[in-house]
Structures are given as C-alpha cells and as structure tokens.
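Colleague: I would like to go through this model with you, beginning with its aromatic side chains and ending with the overall fold.

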Amino acid sequence: MIKIVSFKICPFVQRVTAALEAKGITYQIEYISLKGKPQWFLDISPNGQVPVLVTENNTALFESDAIIEYIEDEYGALNDKLSNEQRALDRAWSYLASKHYLSQCSTMGSKTKEDFEQRSENLIKAFAKAEQKLSGTSLFFGTNHLGKVDIAWLPLLHRAHIVKQKTGFDFLCGLPKMQAWKNNLLATDLVSKTVADDFEEKFGDFYLTNTYLAGNSNAPASSCVVSSCC
C-alpha cells in the first residue's frame with residue numbers, strides 16, 4: 001500500500017492526499033514533527049521536506065509536483081480526454097496554485113498589519129487572475145467534474161475559508177466566482193478526507209495565535225479586514 005509522510009498542516013501534502021482521494025486510491029499516512037524530523041525520514045527525503053510518497057515498491061518519491069505526476073502516470077488522470085493544449089493549461093494553472101502555498105503560509109503567519117498587507121498582495125493578485133479565468137457557470141475549474149486544477153487550488157481555498165470563518169478576513173473579498181468555486185469544492189467530501197481530524201486545531205495554533213490575524217478574531221464573518229481588499 002502507498003504511504004504518505006506528512007506534516008499535519010502542510011498544503012503540499014493536502015494536494016497529494018486530495019489527488020489520491022479523488023482517484024479512490026488507498027494509502028496510509030504517517031505524520032512527523034518538522035521540529036524534530038526522524039532520521040528515517042531524512043534518509044528518504046533529500047530535501048528534508050514533506051510530502052514523501054512511498055510506493056508499493058518501497059520507492060520514496062519527493063517534491064509534490066513530481067508526486068502528482070506519478071499518481072497520474074500510475075493510476076490515470078482525472079480527465080484523460082483532454083487535448084494536449086488543455087493538459088498544458090491545466091498544469092500551468094496547477095503550478096500557479098502551488099507557487100502560492102508558501103506565500104499564503106507566510107501571509108497568515110504575519111505578526112504585523114504592514115507585513116500582512118505586503119505579503120498578501122501577490123496572493124490576492126493570483127486569486128484575482130483565477131477569478132478572470134473562471135466561467136462562473138460550471139461547478140469547478142472549467143467543468144462540472146473535479147479536475148487537476150481543482151485539486152491544486154483546494155489547499156489555498158480551504159485555508160482561505162478557515163481564515164474567514166475564524167477571523168473575518170476574506171482573501172476572496174470581491175471575487176464572486178472564486179467564492180462560488182471555493183464553496184463547490186468544500187461541498188465535496190475531499191476536505192474532510194484530505195486532512196487530519198485535528199487539522200483546524202493545529203492550523204489555529206500555528207497561524208491564528210500571536211499573529212496579525214489573531215488580533216482580528218472578533219471581526220464579523222463578512223468583513224474585509226484590509227480596506228484595499230474590495
């Protein structure tokens with residue numbers, strides 16, 4: 001059976017588990033602490049980062065983009081009837097999402113309003129670009145069927161949802177098609193299947209304690225804390 005080595009609130013891991021869940025692939029998951037990485041993990045992860053996927057042949061794969069490609073090569077794509085051009089576009093939109101995982105993490109971990117606004121600028125621009133691409137007439141990214149791009153954007157949208165719920169700040173303020181896309185993804189069972197049971201608790205401890213966002217925990221759910229958001 002496939003094994004995933006994970007850190008509980010890592011967005012790159014959630015992308016991988018979402019790809020596995022969407023394909024109905026059985027896997028085990030083992031969580032480690034990034035503060036005290038075990039030697040066995042360092043032995044199989046050249047970059048010392050999660051996720052690592054250990055195949056049924058006991059081969060350790062690292063780097064989430066490579067792991068996603070392996071899952072598609074080994075088990076098939078979610079949509080195998082796309083043109084070469086559309087496959088390339090889907091890869092590009094997926095890469096755009098994963099490029100902003102750490103940006104979102106950095107933004108959420110900001111200690112001051114100045115840092116938060118500065119760091120969130122590029123992230124919000126990426127959301128705005130996706131807003132322009134979305135049709136607004138389909139459930140997911142260009143189709144009514146879950147696809148590769150949806151899997152890649154799920155970690156960003158899931159975290160944006162939690163932040164809005166807990167603090168009132170809305171990364172998607174003024175972006176109605178992004179809001180609808182987020183809601184449609186959250187309406188699937190992927191979120192509950194792709195993170196640990198205590199994910200929100202761990203997420204809150206890490207990003208919503210002693211941060212700028214924590215200081216806005218009493219903001220109404222529909223508000224936009226940063227005035228330039230909308």
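Colleague: Is Phe116 buried or exposed, and what is its relative accessible area?

Modeller: The model is a predicted one, so the answer rests on computed values. A residue counts as buried under 20% relative accessible area. Phe116 falls in that class, with a relative accessible area of 0%.

Colleague: Which geometry does the aromatic pair of Trp93 and Phe141 have?

Modeller: By the ring-centre rule the count comes to 13 aromatic pairs. In the pair of Trp93 and Phe141 the ring centres are 5.5 Å apart, and both residues are buried. Planes under 30 degrees apart count as stacked and over 60 as edge-to-face; here the planes stand at 50°, so the pair is tilted.

Colleague: How many residues apart in sequence are Phe116 and Phe169, which form an edge-to-face pair?

Modeller: The centres of these two rings, Phe116 and Phe169, lie 4.9 Å apart with 85° between the planes. Phe116 belongs to helix H6, whereas Phe169 sits in the loop between H7 and helix H8 (176-186). The pair thus links distant parts of the chain, 53 residues apart.

Colleague: What is the radius of gyration of the chain, set against the globule rule?

Modeller: The secondary structure comes to ten helices and four strands. For 230 residues the globule rule gives 17 Å, and the value for the chain is close to this, so the chain is as compact as a globular protein of that length. The radius of gyration is 18 Å.

Conventions: Residues are numbered from 1 along each chain as its sequence is written. This is a predicted model: local features need pLDDT of at least 70, side-chain atom pairs count only at pLDDT 80 or more; totals for chains, interfaces and linings use all residues. Side-chain values use heavy atoms; hydrogens and water are left out. Helices (H or I, at least four residues) and strands (E, at least two) are DSSP runs, numbered from the N terminus. The radius of gyration is taken over C-alpha atoms; the globule rule is 2.2 Å times the number of residues to the power 0.38. Rings of Phe, Tyr and Trp (its six-membered ring) pair if their centres lie within 6.5 Å; planes under 30 degrees apart count as stacked, over 60 as edge-to-face and the rest as tilted. Buried means under 20% relative accessible area, exposed over 50%, partly exposed in between (1.4 Å probe, protein chains only).
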